[in-house]
Amino acid sequence: MDGGRQRLDKWLFFARLQKSRTLAAKLVAAGKIRVNRDKVDNPARAVKVGDVLTITFQNQVLVVRVEQPGTRRGPAAEARTLYANLSAPTDPATVLAATELEDEDGDDDLDGDED
């Protein structure tokens, strides 16, 4: 870490917002993350305390503020101290509607892919 800065993919992994650093890098490379409203596609992009991340998952958008850089991938309670959740509470009806869009093979059709 250089002056409280950390790679975006590493921070996402330490904050337990992705299961692996590889998945975190793929999420960033796919353009699913904005840092302070700027779309990023470089997993090596440095984030610092105070940066606001907007993360688009399959059926939800998560907005978090970086509270501190991570030093390791610790337990969930420790990971939650790395960020402040700024997202509106999830409406259970929205989550239920998204799960009803799953087809027989278990894929959701929210992304528009037909494969």
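In strand β5, I55 is the bridge partner of I33. The two strands involved, β2 (residues 33-35) and β5 (residues 52-56), pair in the antiparallel sense over three bridges; pairing requires that DSSP finds at least two bridges between two strands. Strands (E, at least two residues) and helices (H or I, at least four) are DSSP runs, numbered from the N terminus. The model is predicted, with local features needing pLDDT of at least 70 and side-chain atom pairs counting only at pLDDT 80 or more, while totals for chains, interfaces and linings use all residues. Residues are numbered from 1 along each chain as its sequence is written, and side-chain values use heavy atoms, leaving out hydrogens and water.

The wider setting is an open sheet of five strands with antiparallel pairing, in the order β3-β2-β5-β6-β7. Its edge strands, β3 (38-40) and β7 (83-85), each pair on one side only.

Attention now turns to helix α2. In α2 (residues 21-29), the buried residues (under 20% relative accessible area, 1.4 Å probe, protein chains only) are A24, A25, L27 and V28. They lie on the same side of α2 because they cover an arc of only 160° around the axis, the arc being that of the directions from the helix axis to the C-beta atoms. These buried residues pack against α1 (8-14), β2, β3 and β5, where contact means heavy atoms within 4.5 Å. T22 and K26 are exposed (over 50%; partly exposed lies in between) and sit on the face of α2 turned away from its buried side. After α2 comes G31, with a positive phi near 80°.
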